Amino acid sequence: MMWRRSRKEPNERILKDFGRRAFIRGLGGFAIALPLLESTHGKAFAAPNASGVPLRFIVVFRHGGTATNVQRYTINQEGDLLDGTQEQQGHNLWQPTDPSENLALGPIHSILEQHKSKLLVFSGVDNAAGVIQSPYNGEHGWSNRSILTSAKITEITNVVNGEEQKTQLPEGPSIDQFLAQRLQAQNALPFKSVSVAVYGHQYGTPFYEGAHQEVQSEGDPTKAFNTYLGGVSSGGAPNPELVRRQALGLSVLDGAMDGYRRLQPSLSMQDRQVVDAHLTHLSELEHRIKALQTVTCSVPTIDKSVGEDDQEHVGAIMCDIIVAALRCGLTQVATLDLADIITYWLPQAYGAVGYDIGHSLHHIARDCGAKGEFAAKQQDWLDEMLVNRQWCMGLFKRILEGLDSIPEGNGTMLDNSVMLYTSEFSNGSFHSENDMPILMAGSAGGYFRTGRHINCNKSTQPLGYKSNTGTHNLYTSILNAFGFPDTHFGVDLPELGFKGPLPGLT
Amino acid sequence: MRTLRLASAWSALATLALAACLPGFERGSGSDKDKPSAGANSPIEGLPPGVTIDAAPVTMHRLTSDQYKHTVRDLLGLTDADVGPFDLPADEGPLPSQLMISKLDDYAAQLTALGAHRKAVPCDVAGAATDDCAKKFITDFGARAFRRPLTTDETTWLTGVYGAAKAQFNFADSIDVVTRVMLQSLQFVYVREEGEAFANLPAGLLKVTQYELATRLSYLLVDSMPDDALFKAAADKQLTVDGLRTHAKRLLEDPRARAKVVQFVSNWMEMQGTAKHVSIEEAVKDPKRFPLDNPALRIAVRKELNEFVGHVWDKGGSVNELFTSQEAYVNGPLAQLYGVPNGPQGDTWTWVTLPAQRAGLATRAAFLLVYANPDIPSPIRRGAAIWREFMCTTFPPPPPAAMDVKIAGGATDANGNPLAIRDTVIARTMQEQECAGCHGKINPAGFAFGHFDALGQWQDQEKGTSPEGKPYTANIDATGELVGSDVPGPIDGAAQFSAKLAASRQLKDCVASRFWTGSFGHPAADQEQSSLHYVQERLASSGSMREALLGIIESPAFLLMRKGAQ
């Protein structure tokens, strides 16, 4: 497998020895990481992708839900959508305007019109694992931990800053990390995944490597750059300072791992799990250094004056880092964790009053219907929501266009990718886990038939909702698209609706 | 904006609530009659009489981000400014994330690059390598980094690391490599306790070792590694109950202990922000309504809170003063906010006495502006915070459709008179039993603060905007009550309310249990209830936070331990 030069980067060099070497290294390099994950799924590994083209998976996760008229429903039970005649607003800025397969983009997606043929927009897909387990069928902790994991959720008590609190943790990995570990076993690139974030208001991460094993994303753009792109050589003679730094780093990691291994036998069960996690992560750091030594690629320059708190500008840099990491063959999986940022730098149609706390602007959705306290402000609210959500969709678009500009095989890198955009809620104001906002781009090398609206809402009523389809079905389809013949992903409960892939995608 | 990454809504500040309220906290019963208690036949001298000799199983715990920074500061002789950038990620579960391990590795490299560890090398690192010198560095620096002398296996491991490095690199680099290994080792990053057997202890109980006690004491009081005097006391086996008390009293005078208590109170009041409300600095306020407000004012508000808590601590740490004192350290804008006559001007800071309407923590701008809407006060946020933070009463989460609802006044009653916020809150929360269960407690606590606007300024009358956008004025009824507490009965206004809080045993027990949880990193376990009860009694009888901390240190739960499940 060779990488073509991209139009944007004429000096890009070819990733040396990509593929063959990496595949051989495969399983051995991650012997520790895999059992952690496989213990919850127990599936055999599939053969590498038949076409030989590496597929990529990218998740853009936008916390806080979207502007929609969905309520909370039991799986496969008929319910009503909001019509706006009561306290709650009744608009859906997410949904395609045509309920049929013909894709007519809704307001939030309208900025993606030129890429419509490469999109799949979903309606009527629930986070069934979340609906089943969450208090009120929708609570932040449960929804964040189940939306990408479809896993069983356990609540623990811990102390943060001296304060006791309850934390919900999943008993299995999120789809991105599950896939990342499988792909890494086939094809050990420097990074199992690239995990970056724009932090703000949110209720914890949705990304998990395995049971109780969260993924923390880097929120500082310069640090993200240094971590993921800082070790990449731009070609020519090896940089002696970089070589020395890498050698010292390997020596340190070797010594650190020796220390942790020596302690393993003497520890209690719980402490041993912590030590095992250190060893897994230290061995990944070691792998990164070694694997990066063989990579040559031109990387973008970023504005290093942008700090973590400068949310207006962090997102775009993170998108560029993701695109560069994929283009340079540093990873096959990338995640962008987008907090529920109320974009105060955009026009404040609703005024400062809505900015009390990140998402309370969104809670206004409950009170700006015809009989709501803020009925007069409904249009302001919709305007602001639309601008805000389109701004977030703009980051998705930035990655999409970055990948689409890189020729690969008979198409572009986007064609050999699956990009997923979702959130922990549909209607944030209701904490709804039904009719999740799900948008995908890229066809996984032609596996998915794109350019369609996949409508799983089975209700025949004009404002009705009924679905037995869950994100676990979609994730099973994604695993299948990557060549893994799984028949289910996540927790196995009879209330789920049905198991297996989501029909009609291929 | 600061990053807010908190986890749960179960512990959340609820603005409307669903079901009957659960008392989240009950005082320890101390009824472990079948277990031995300290007294004349106590196996360990100096334990308080009557307290059950028991302790909880230990699990190793990672240093908090603050503890990590303080520890590298004190280990390497750096300043707070030096270690400022070394924040650890906010991992939620016990397992460390990849980013955590990546940062620990990175920080070890950056800290080593500062070169401060080389002061501990007893020879010239730029000179020729001498293995004896390296070994002495490993032994001496290692004992401070690991907070106890190295075991034989650890010495073998670290001299091995050094030896392997030296085969590849020069002497200075090899010392750096072994330092970087130590700075991300389990022994450095975690507090892990082995304990030791001791005669006559009940089955399963171990004594915390001398070095482990030094570490417990130091993190508890100054949030950092033990100093030389504590290390020496541990080496000389001086850390008996008496010895611990002596060192505790010494450390209580350390500025780091003061800083820790100031931070503790700020965390306790959630002034750093959570997922449910933002920090002092980030709370959004309507600029049209509050011309006095600006970023400098917020910095001043935090400084005032911290100086107040520090001042109370310096004077003996009285909980009563914390809730009733009218002393405040203010500059010009704060004096204006508080309505202090003849206060300082500009950025001149001075101690003043606040007007009689204010007393203690709950009437400071910090509390009042964080627990409010951007434009109008929120009795529900304030009332829920009073119960949750100061009385340790938890409420079940409200239904999602009821969270973060701003309740404004200004609607009109049957006679056309404008309704106050108070009236609207009652109308919206007290009609259905599922809401009234909690709001019957939350609302009356919040109503007492009705005379303070959303920035914390005194208001004679409530001024707002009706749902139709018209300005209205309403009279304020600031009567309230701590319904169902140990200090029931109606009061009028926040100052009276604060006096009630200060008189409450439930509040003192709550403070003691917060100190406990903050000190041990977990709420008191079953085996620790009697020790907690002792600490609560100690705080209640003395009224002093200092005594509560000394009580923790002298309790069986501090001196003893059980091993975690194998």
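The second largest pocket of this predicted model has a volume of about 1100 Å³. A pocket is an open set of points on a 1 Å grid over the protein atoms alone, with protein on both sides within 12 Å along at least five of seven lines. Volume is the space filled by probe spheres set on the points, which are joined across faces, edges and corners. The pocket is lined by 34 residues, and A:Arg245, B:Asp105, B:Asp106, B:Ala109 and B:Arg180 are the closest to its centre. Lining residues have an atom within 4 Å of a point. Helices 6 (221-228), 7 (240-263) and 8 (269-292) of chain A each give two or more residues, as do helices 3 (98-113) and 6 (171-183) of chain B. Helix 3 of chain B provides the largest share, ten residues. By class, the lining has 13 charged residues (Asp, Glu, Lys, Arg), twelve nonpolar (Ala, Val, Leu, Ile, Met, Phe, Trp, Tyr, Cys, Pro) and nine polar (the others, Gly among them).

The structure also holds eight cavities of 30 Å³ or more. In a cavity, a 1.4 Å probe fits but cannot get out. The second largest cavity encloses about 150 Å³. Its lining numbers 16 residues, with A:Ser195, A:Val215, A:Tyr228, A:Arg288 and B:Gln98 nearest the centre. Eight of the lining residues are polar, five charged and three nonpolar. Helix 3 of chain B again supplies the largest share, here three residues.

Chain A contains twelve helices and 16 strands, taken as DSSP runs (H or I, at least four residues; E, at least two) numbered from the N terminus. Of its 506 residues, 64% are buried (under 20% relative accessible area, 1.4 Å probe, protein chains only). A:Ile322, in helix 9 (residues 311-327), counts as buried because its relative accessibility is 0%. Beyond neighbours within four places in sequence, A:Ile322 is in contact (heavy atoms within 4.5 Å) with A:Val194, A:Val196, A:Ala334, A:Thr335, A:Leu336 and A:Ile399.

A:Asp367 lies in the loop between helix 10 (360-363) and helix 11 (378-404) of chain A. A:Asp367 is buried yet has no salt bridge (a side-chain nitrogen of Lys or Arg within 4 Å of a carboxyl oxygen of Asp or Glu). The nearest side chain of opposite charge, B:Arg428, is 4.3 Å away.

Residues are numbered from 1 along each chain as written, chains are lettered from A and ligands numbered from 1 in written order. Local features need pLDDT of at least 70 and side-chain atom pairs pLDDT 80 or more, while totals for chains, interfaces and linings use all residues; side-chain values use heavy atoms, without hydrogens and water.

How values were computed:
Buried means under 20% relative accessible area, exposed over 50%, partly exposed in between (1.4 Å probe, protein chains only). Lys and Arg count as positive and Asp and Glu as negative; His and the chain ends are not counted.
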